[in-house]
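Dear colleague,

I am handing over the structure below, and I would be glad if you could look through it alongside these notes.

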Amino acid sequence: MYDVIVIGAGPTGATAAKALADSGSKVLIVERMKLPRYKSCSGVLIKKSMDLVQQYFGKAVPASAMCTPTDNHGMILTDDNGKAYTFEQGGLNVWRSSFDNWLAENAVGAGAELRDCTSAISCEQSTDYITLRLHSDRTYTEQARYVIDCEGVMSVIKRKALGTSPEFITTFQTFNEGKIDLDLHYFYAYLQPELSEYDAWFNVKDEMLVLGVAVRDTSRIPHYYDNFIRYMKENHGLAITKTMKQERWLMPRIRSGCNIDYGMGRLFFAGEVAGFLNPMGEGISAGIESGHSVALSVIEHFEAPASVLDDYKKRTEMLKVYMQRQWHFVAGMSKTFGEMRAAL
Ligand SMILES: Cc1cc2nc3c(=O)[nH]c(=O)nc-3n(C[C@H](O)[C@H](O)[C@H](O)COP(=O)(O)OP(=O)(O)OC[C@H]3O[C@@H](n4cnc5c(N)ncnc54)[C@H](O)[C@@H]3O)c2cc1C
């Protein structure tokens with residue numbers, strides 16, 4: 001019997017597991033991929049993420065997790081009308097495979113047990129514990145007093161537990177050799193409706209020019225991507241000599257009000273699967289903060305699941321307000337996010 005099983009070794013799961021292991025809890029992390037695993041991501045750690053890592057892991061992000069240019073100077077956001085706004089902020093540029101793996105190693109260093117190549121496939125709650133069905137080279141079960149579900153956008157366990165189907169945004173990005181007349185230290189987001197159904201973006205990772213669009217209707221990807229490439233050629237001197245890689249991923253679609261699914265009984269959700277995600281897909285800070293919060297709630301109210309839930313909601317109240325304000329802010333810049341004006 002584990003005290004807690006954490007599903008998913010992303011930033012949310014690793015942070016929750018580290019805090020629980022630090023407190024002396026018997027923790028198991030299950031991760032469906034082989035670690036270090038790939039995660040499609042712009043890999044921008046905003047200052048808030050860096051500060052949270054320092055606070056909860058007691059160390060700075062190591063150079064081995066970074067890619068060039070290592071320093072991110074902030075975001076340049078172009079609104080509906082093509083007007084650019086610069087938001088200066090000292091952040092970092094990381095590869096998620098190395099960064100997430102480093103976080104997970106720290107959780108293991110604190111005493112958490114980690115099983116990668118192991119998927120959680122269902123769970124069943126009893127009065128005093130929860131049984132998790134797992135699949136690796138065989139299917140078997142483990143029991144714990146609590147399960148913290150940090151499975152990100154996939155949300156297999158959450159969908160089964162709540163019986164709901166989440167709405168997604170599909171991201172499409174390419175990694176290219178070439179050149180562009182932009183300061184490579186910034187992350188660029190474009191909100192013009194002719195360039196995407198959500199946002200389009202540009203950033204750099206280890207000399208590769210990354211260009212992406214996000215859509216609700218996947219059949220529209222070629223249309224928006226071509227528009228975006230044309231726009232970047234005309235406005236920023238983009239010249240692609242070779243496309244090395246392209247990839248699709250999903251993000252949860254956050255709706256007005258920023259509803260959060262906290263969990264029920266002995267099963268709690270944290271990070272992206274709970275609905276913690278800031279505009280332009282900034283989710284690492286929200287994952288780390290919510291993962292840490294739910295872990296502290298479990299530690300403090302271990303014998304009373306209902307109190308864990310109440311405490312978790314209280315601890316993440318400010319995080320939710322921060323998220324609502326961020327969405328409200330972008331809603332003021334772009335019609336695409338119009339419905340989020342009512343986020344507060
Ligand atoms: C294109 C793109 C760009 C982004 N750029 C940024 C950015 O620059 N900065 C930023 O802060 N955020 C960014 N985000 C958002 C960020 O990636 C996520 O919000 C963040 O990864 C959420 O962390 P998490 O730990 O909750 O989930 P994840 O990082 O997705 O981790 C979940 C883990 O759970 C595992 N898992 C899933 N299901 C199961 C299961 N059933 N059993 C076991 N394991 C399971 C997965 O394999 C995964 O390792 C971006 C997202 C996308 C799609």
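The notes that follow go from the whole chain to its nonpolar cores.

This is a predicted model, in which local features need pLDDT of at least 70 and side-chain atom pairs count only at pLDDT 80 or more, while totals for chains, interfaces and linings use all residues. Residues are numbered from 1 along each chain as its sequence is written, and side-chain values use heavy atoms, with hydrogens and water left out.

The protein chain has eight helices and 16 strands (DSSP runs, H or I of at least four residues for helices and E of at least two for strands). Its C-alpha atoms fill a box of roughly 60 × 40 × 35 Å along the principal axes. Of the 344 residues, 55% are buried, meaning under 20% relative accessible area with a 1.4 Å probe, protein chains only.

The largest nonpolar core (buried Ala, Val, Leu, Ile, Met, Phe, Trp, Tyr and Cys residues joined through side-chain atoms within 4.5 Å) holds 70 residues, of which Val6, Ile148, Phe276, Trp327 and Phe337 touch the most other members. Because domain 1 (2-65 + 94-166 + 256-343) and domain 2 (168-252) both give residues to this core, it lies between them; the domain bounds come from an automatic or database domain assignment. A second, separate core of 23 residues includes Tyr188, Leu195, Val213 and Val215.

Leaving aside neighbours within four places in sequence, Ile148 is in contact (heavy atoms within 4.5 Å) with residues including Val4, Val6, Leu20, Phe268 and Val298.

With best regards

Note on methods: Buried < 20%, exposed > 50% of the residue type's maximum accessible area, 1.4 Å probe, protein only.
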